[in-house]
Amino acid sequence: MSKRKSEEIYYLVRSDILPEAILKTIEAKKLLDCHEVETVYEAVEKVGLSRSAYYKYKDGVFPFNAMMKEKIVTISMDLEHKSGILSKVLTYIAQIGGNILTINQTIPLQETANVILSIDTVYMELSVTDLLDTLKKMPGVRKTQILGRG
């Protein structure tokens with residue numbers, strides 16, 4: 001007889017019914033991810049959790065949006081060569097919770113520069129489609145398109 005490989009089973013559970021140790025593990029992970037603390041020891045001390053409980057749960061709990069969304073999207077935009085346009089695009093992305101990972105920009109030719117942005121979308125308030133639609137409507141943005149997701 002062959003053994004079946006055990007499947008990972010996921011459940012969607014409201015946070016108000018989770019045990020305190022799991023909630024504190026999530027908080028400790030957030031502190032580490034946001035670089036508010038540098039070590040696991042500092043994180044667990046700050047949230048009032050034992051290190052053993054943290055290590056028990058850390059690989060098994062994730063925010064729902066991190067599991068359900070594409071995390072990184074790369075978009076290409078053609079922008080008019082005018083002062084402040086790229087700044088407005090970057091400010092807007094930050095305001096809706098997007099985190100810019102990389103920026104590549106060409107030298108403007110014929111008054112247009114191509115900009116490629118890699119964006120972490122996990123905490124974005126809008127879908128990627130809505131982001132592109134809004135960017136297309138911004139003054140100075142001539143073209144937007146998705147290059148990749150991952």
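The paragraphs below lead from the overall fold of this predicted model to its helices, its cores, its surface and its charged pairs.

Because the model is predicted, local features are described only where pLDDT is at least 70 and side-chain atom pairs count only at pLDDT 80 or more, whereas totals for chains, interfaces and linings use all residues. Residues are numbered from 1 along each chain as its sequence is written, and side-chain values use heavy atoms, with hydrogens and water left out.

The secondary structure of the protein chain comes to six helices and four strands, where helices (H or I, at least four residues) and strands (E, at least two residues) are DSSP runs numbered from the N terminus. Followed along the sequence, these elements give the pattern α-α-α-α-β-α-β-β-α-β. Of the contacts in the chain with a separation of 6 or more, 66% join residues 24 or more positions apart, a contact being heavy atoms within 4.5 Å. Of the 150 residues in the chain, 31% are buried; here buried means under 20% relative accessible area, exposed means over 50%, and partly exposed lies in between, with a 1.4 Å probe and protein chains only.

Helix 2, which spans residues 40-47, is a convenient place to begin, with V40, A43, V44 and V47 as its buried residues. Seen down the helix axis, these residues fall within an arc of 90°, so they line one face of helix 2; the arc is that of the directions from the helix axis to the C-beta atoms. The buried residues of helix 2 pack against helix 1 (20-33) and helix 3 (51-57), while the face turned away from the buried side carries the exposed residues E45 and K46. Just after helix 2 comes G48, which takes a positive phi of about 75°.

Helix 6 can be read in a similar manner, since V128, L131, L132 and L135 are its buried residues. They cover an arc of only 95° around the axis, which puts them on the same side of helix 6. These buried residues pack against strand 1, helix 5, strand 3 and strand 4.

Some of these elements meet again in the largest nonpolar core, a nonpolar core being a set of buried Ala, Val, Leu, Ile, Met, Phe, Trp, Tyr and Cys residues joined through side-chain atoms within 4.5 Å. Of its 19 residues, those that touch the most other members are I75, M77, V89, L117, I119, L131 and L135. Strand 1 (72-80), helix 5 (85-95), strand 3 (112-120) and helix 6 (128-137) each supply at least two residues of this core. Apart from it lies another core, of eleven residues, including A28, L31, V37 and A53. To return to L117, its contacts beyond four places in sequence include V73, I75, M77, V89, L90 and I103.

After helix 6, the loop that leads to strand 4 (141-149) holds P139, which counts as exposed at 73% relative accessibility. Although P139 and L79 are 60 residues apart in sequence, their C-alpha atoms are 9.1 Å apart in space.

The accessible surface of the chain comes to about 10700 Å², of which 53% belongs to carbon and sulfur atoms; such areas come from the Shrake-Rupley method with a 1.4 Å probe, and for residues only the protein chains shown count as cover. On this surface, I9, Y11, V13 and I17 make a nonpolar patch of about 480 Å². Patches are made of residues with over 30% relative accessible area and no salt bridge, with like charges joined within 9 Å and nonpolar side chains (Val, Leu, Ile, Met, Phe, Trp, Tyr) joined within 5 Å. I17 lies in the segment before helix 1 and counts as exposed, at 55% relative accessibility.

Side chains of opposite charge can pair when their charged atoms come close. The structure holds six salt bridges, each a side-chain nitrogen of Lys or Arg within 4 Å of a carboxyl oxygen of Asp or Glu. In one of them K24 pairs with E20, the closest N and O atoms being 2.8 Å apart, and because K24 and E20 are four residues apart in helix 1, they are separated by about one helical turn. K24 is partly exposed at 21% relative accessibility, whereas E20 is exposed at 52%. E27 and K30 also meet in a salt bridge, at 3.5 Å from N to O, and both lie in helix 1, three residues apart. K58 forms a salt bridge with D59, with the closest N and O atoms 3.0 Å apart, and E80, K82 and R142 are linked in a network of salt bridges.
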